[in-house]
Amino acid sequence: MSSQVNRPLARGQAPGKIILFGEHAVVYGRPAIAAPVQQVHARAEVWPAAACVVEAVDLARRVVAADAPADDPFAHIVRLTCEALKRPLPPWRIRVTSEIPIAAGLGSGAAISAAIVRAMLAGFGAELDNAAISALVYEVEKIHHGAPSGIDNTVVVYEQPVWYVRGQAPRPFAVARPVHFVIADTGVASPTRVAVGDVNRAWKQDKSRYEALFDAAGAIADQARVAIERGDIRALGPLMDENQRVLAEMGVSSPELDDLIRAARAAGALGAKLSGGGRGGNMIALVEEENADRVHRALIAAGAIRVISTTVPPTDVV
Ligand code: MEV
């Protein structure tokens with residue numbers, strides 16, 4: 001009996017993510033590449049309760065699913081999941097925790113929603129495929145982001161590197177050799193919604209310039225996919241640098257990101273760029289495995305508040 005009280009009815013989790021190439025341009029239909037970051041997760045636990053409540057521990061928030069406004073992301077994902085499964089709101093306390101920094105470009109919102117869906121599926125003893133889970137999470141991404149491309153929900157739900165074009169099924173692709181990254185957080189919170197909105201305003205004011213930048217980012221993502229499929233890791237570094245130049249021209253870099261990117265390159269990274277919405281949040285540096293520690297230390301010395309080393313493992317998907 002006591003073991004039942006101390007154990008949740010069910011659990012779910014989802015990883016963080018990094019965008020390797022093509023953020024922002026992906027909102028406008030160009031391809032992008034993203035990968036999960038398994039070093040950080042959002043987690044949800046289902047506990048018995050009198051009513052359906054989401055308890056977001058890190059945010060000190062408690063949301064009663066039946067009463068919350070339509071744009072509450074926690075209540076929305078719970079209600080959407082129940083609708084998809086044709087179930088009433090269950091008498092559960094859904095306890096959410098996350099190691100993924102918020103507003104930092106690592107997909108925390110999408111991962112939290114995905115963790116909640118997975119925990120609820122386990123609690124109900126029900127199943128949905130990844131496409132259906134990703135579609136539910138996408139609905140909540142609209143609350144977080146306004147006009148999301150769908151890449152964040154896709155990569156955190158599928159949990160594999162994806163080649164993504166808006167409106168199309170994600171295309172897993174072969175990773176011929178491990179690709180090592182060091183991820184560093186500027187500590188500057190930057191909601192994706194704001195950066196995406198600013199790019200949209202700038203695009204409306206000068207469409208031909210922004211379309212050319214999006215084309216450039218898309219072409220870089222195309223070349224990067226070929227390099228990853230061939231295991232030509234060294235070719236990826238200059239492509240990351242070029243993508244960063246294009247992102248800076250879009251207006252989404254920042255002095256803090258630029259400092260970390262410079263520090264990573266000076267410490268021997270093969271290439272470096274911002275990752276996600278930009279303006280703050282995280283940057284990523286492509287490294288050779290033996291140089292990861294040196295780049296890690298250089299990023300801390302340059303002011304990063306948190307540094308994570310991650311590897312995109314080889315896959316044989318073609
Ligand atoms: C956010 O991780 C990536 C952006 O391209 C926004 C989106 O694709 O929805 C900035």
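How much area is buried between domain 1 and domain 2, and what share of it do carbon and sulfur atoms give? In this predicted model, the buried area is about 3000 Å². Carbon and sulfur atoms give 64% of that area.

The two parts are set by the domain assignment of the protein. Domain 1 covers residues 2–164, and domain 2 covers residues 174–312. Their centres, taken over C-alpha atoms, are 25 Å apart. Domain 1 brings 31 residues to the contact; domain 2 brings 46. On the domain 1 side, the residues that lose the most area to domain 2 are Phe-21, His-24 and Tyr-28. Together these three residues account for 25% of what domain 1 buries.

Charged pairs also occur across the boundary. Three salt bridges are counted between domain 1 and domain 2. Separately listed is the salt bridge of Arg-30 with Asp-215. In the Arg-30 and Asp-215 pair, the closest N and O atoms lie 2.8 Å apart.

Enclosed space was examined next. The count is two cavities of 30 Å³ or more. The largest cavity holds about 200 Å³ of space. Its lining consists of 20 residues. Closest to the centre of this cavity are His-145, Ser-149, Ile-151, Asp-152 and Thr-192. Four elements each give two or more residues to the lining: β1 (10–21), α4 (130–145), α5 (151–158) and α6 (192–205). The largest share comes from α5, with three residues. By residue class, the lining of the largest cavity has seven nonpolar, nine polar and four charged members.

Where does the largest cavity lie with respect to the two domains? Domain 1 and domain 2 both give residues to its lining, so the largest cavity lies between them.

The second largest cavity holds about 30 Å³ of space. Its lining includes Ala-104 and Gly-105. Ser-190, Thr-192 and Ser-275 also line this cavity. The lining is completed by Gly-277, Gly-278, Gly-280, Gly-281 and Asn-282. In class terms, one lining residue is nonpolar and nine are polar. No charged residue lines the second largest cavity, whereas the lining of the largest cavity has four. Thr-192 appears in both settings: this residue is among the closest to the centre of the largest cavity, and Thr-192 also lines the second largest cavity.

Definitions and conventions:
Residues are numbered from 1 along each chain as its sequence is written. This is a predicted model: local features need pLDDT of at least 70, side-chain atom pairs count only at pLDDT 80 or more; totals for chains, interfaces and linings use all residues. Side-chain values use heavy atoms; hydrogens and water are left out. On a 1 Å grid over the protein atoms alone, a cavity is a set of points where a 1.4 Å probe fits but cannot get out, and a pocket is an open set with protein on both sides within 12 Å along at least five of seven lines; lining residues have an atom within 4 Å of a point. Grid points are joined across faces, edges and corners, and a volume is the space filled by probe spheres set on the points. Ala, Val, Leu, Ile, Met, Phe, Trp, Tyr, Cys and Pro count as nonpolar, Asp, Glu, Lys and Arg as charged, and the others, Gly among them, as polar. Domain bounds come from an automatic or database domain assignment. Contact means heavy atoms within 4.5 Å. Buried area is the accessible area (1.4 Å probe) that two parts lose on being put together, summed over both. A salt bridge is a side-chain nitrogen of Lys or Arg within 4 Å of a carboxyl oxygen of Asp or Glu.
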